[in-house]
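Hello,

Here is the structure for you to look over. My notes on its helix packing and sheets follow below it.

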Amino acid sequence: MKPFRHFDADSVEEALALLTEFGGKARVTAGGTDLLGVLKSEILADYPEAVINLKTISGLDGIEAGAGEVRIGALVRLSDIADSPVVKKNCPALALSAASVGSPELRNMGTIGGNLCQDTRCWYYRYPDKMGGRVPCYRKGKGPCHAIRGDNRYHAVLGGRKCYAVCPSDPATALAALEAGVKTVRPAGERTIPLADFYDTLGPVLEPDELVTGIRIPTPAANAVQRFSKFRLRESVDFAVVSVAAVLDMSEGVCRDARIVLGAVAPVPYRAVAAEDVVRGGPLDERQAARAAEAALREAKPMSGNAYKVEIAKTLVKRALRL
Ligand SMILES: Cc1cc2nc3c(=O)[nH]c(=O)nc-3n(C[C@H](O)[C@H](O)[C@H](O)COP(=O)(O)OP(=O)(O)OC[C@H]3O[C@@H](n4cnc5c(N)ncnc54)[C@H](O)[C@@H]3O)c2cc1C
């Protein structure tokens with residue numbers, strides 16, 4: 001790794017001041033499980049001069065519920081989300097998604113803020129600089145997306161255009177279905193970004209001087225059915241090939257409202273609005289589930305090597321709607 005300066009921030013204010021001082025040439029780190037790999041592979045356009053450790057800041061590691069929402073600090077570890085009675089009771093889809101991430105070691109180090117901000121796993125983008133030379137691409141600011149003509153088995157089947165890398169975060173899929181908001185802070189002030197708007201094709205929409213401080217989830221209705229499932233090649237430690245999260249407001253056997261989100265099929269968590277329209281307002285049975293699955297993937301445009309993802313996604317949607 002190239003040398004960089006390292007700071008343990010004592011407060012959010014200190015972290016923001018350091019980000020300002022280094023003028024875009026600093027990166028923050030929490031668990032470091034993603035950032036250190038990114039730095040070792042030297043894939044960033046600008047290698048940071050400073051790395052600012054957020055884990056030394058107190059007060060960002062709590063989980064609480066009240067006043068119609070569940071609040072989770074940015075530094076809460078994924079293992080704590082997976083095990084939290086508050087999360088399991090109110091947002092079981094989120095608990096399941098956190099439990100599905102990587103390995104116990106990764107969940108014990110990785111934080112929810114870092115998970116949402118992690119860089120994509122596209123193998124062209126991540127190709128280590130030192131192994132045969134840099135692979136420039138659209139995401140790195142220069143060149144085409146190599147997935148279009150290359151091996152695209154793990155790339156987007158929906159919503160890709162100039163970059164077909166998929167959003168790698170499992171919790172983001174669940175949080176989108178839960179209509180969560182991401183709380184952030186900059187020297188200029190605070191804002192809450194709906195999870196649905198938190199990503200664009202190239203990743204999180206954060207400004208270089210912006211920090212995630214927490215997640216806000218409106219408390220789902222007590223009768224809401226929540227689902228999260230993930231298909232991966234290795235059951236032990238692996239990113240999703242496809243994941244699905246669903247939140248279904250059921251009353252007297254009728255689906256009053258539905259939010260269905262697909263993960264790892266698009267550059268952003270993909271809200272399957274057409275599938276929601278199919279199930280909203282009626283009972284949920286096998287026929288409706290099959291129709292919803294078809295509707296969810298109607299816009300899919302698979303490339304040469306990833307049509308199998310469409311079939312897997314349809315199966316996961318059907319299973320999620322099987323009550
Ligand atoms: C082998 C392996 C398997 C994995 N499998 C999965 C998986 O199945 N599902 C999945 O979802 N993930 C998976 N991951 C990714 C893993 O979940 C992330 O590495 C982890 O969640 C990142 O959290 P962190 O706290 O370590 O982030 P860091 O590595 O510290 O940071 C990651 C990025 O987020 C930024 N960042 C961190 N905190 C903040 C903040 N508060 N505000 C603004 N920016 C911030 C950093 O600057 C950096 O760019 C896997 C990773 C590995 C190495």
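**Helix packing**

H10 passes H11 in a right-handed crossing. The model is predicted, so please read everything here in that light. Helix H10 covers residues 286-296, and helix H11 covers residues 307-320. Their axes come within 8 Å and cross at roughly 140 degrees. That angle is not over 145 degrees, the cut-off for roughly antiparallel, so H10 counts as oblique to H11.

The H10 side of this contact is made of Ala289, Ala290, Ala292, Ala293, Glu294 and Ala296. On H11, the residues they meet are Lys314, Val317 and Lys318. By class, the contact has 6 nonpolar residues, 3 charged and no polar.

A second helix pair is worth a look. Helix H5 (residues 92-99) packs with helix H8 (residues 170-177). The axes are 8 Å apart, at an angle of about 170 degrees. H5 is therefore roughly antiparallel to H8. From H5, Ala93, Leu94, Ser97 and Ala98 take part. They meet Asp170, Pro171, Ala174 and Leu175 of H8. This contact divides into 6 nonpolar residues, 1 polar and 1 charged.

**The five-stranded sheet**

One open sheet has 5 strands, in the order S4-S5-S10-S6-S7. Pairing is antiparallel. Strands S4 (63-66) and S7 (189-194) are the edges, and each pairs on one side only. On average, neighbouring strands are turned by 25 degrees against each other, direction ignored.

At one edge, S4 pairs with strand S5 (residues 69-73) over 4 bridges, in the antiparallel sense. Ala65 has Val70 of S5 as its bridge partner. S4 and S5 form a hairpin with 2 residues between the strands. Look at Ala67 in that hairpin: its phi is positive, near 55 degrees.

At the other edge, S7 pairs with strand S6 (residues 181-186). Here there are 6 bridges, again in the antiparallel sense. Val182 is bridged to Ile193 in S7.

**The four-stranded sheet**

Another open sheet has 4 strands, ordered S11-S12-S13-S14. Its pairing is antiparallel. The edge strands are S11 (224-231) and S14 (270-271), each pairing on one side only. S11 and strand S12 (residues 242-251) pair over 8 bridges in the antiparallel sense. Within S12, Ser243 is the bridge partner of Lys230.

H11 comes back into the picture here. This helix packs on the sheet and touches S11, S12 and strand S13 (254-263). The direction of H11 makes about 25 degrees with that of S12. H11 thus has contacts with this sheet and with H10.

**The chain as a whole**

How many helices and strands does the chain have? There are 11 helices and 14 strands. The C-alpha atoms fill a box of roughly 60 × 50 × 35 Å along the principal axes. The radius of gyration is 20 Å. A compact globule with 323 residues would have a value near 20 Å, so the chain agrees with that expectation.

Best wishes

Conventions
Residues are numbered from 1 along each chain as its sequence is written. This is a predicted model: local features need pLDDT of at least 70, side-chain atom pairs count only at pLDDT 80 or more; totals for chains, interfaces and linings use all residues. Side-chain values use heavy atoms; hydrogens and water are left out. Two strands pair if DSSP finds at least two bridges between them. Axes are lines fitted to C-alpha atoms, for helices over the stretch in contact, and angles run from 0 to 180 degrees between N-to-C directions. Angles under 35 degrees count as roughly parallel, over 145 as roughly antiparallel, 65 to 115 as roughly perpendicular and the rest as oblique. A crossing is left-handed if the near helix is turned anticlockwise from the far one by less than a right angle, and right-handed if clockwise. Contact means heavy atoms within 4.5 Å. Ala, Val, Leu, Ile, Met, Phe, Trp, Tyr, Cys and Pro count as nonpolar, Asp, Glu, Lys and Arg as charged, and the others, Gly among them, as polar. The radius of gyration is taken over C-alpha atoms; the globule rule is 2.2 Å times the number of residues to the power 0.38.
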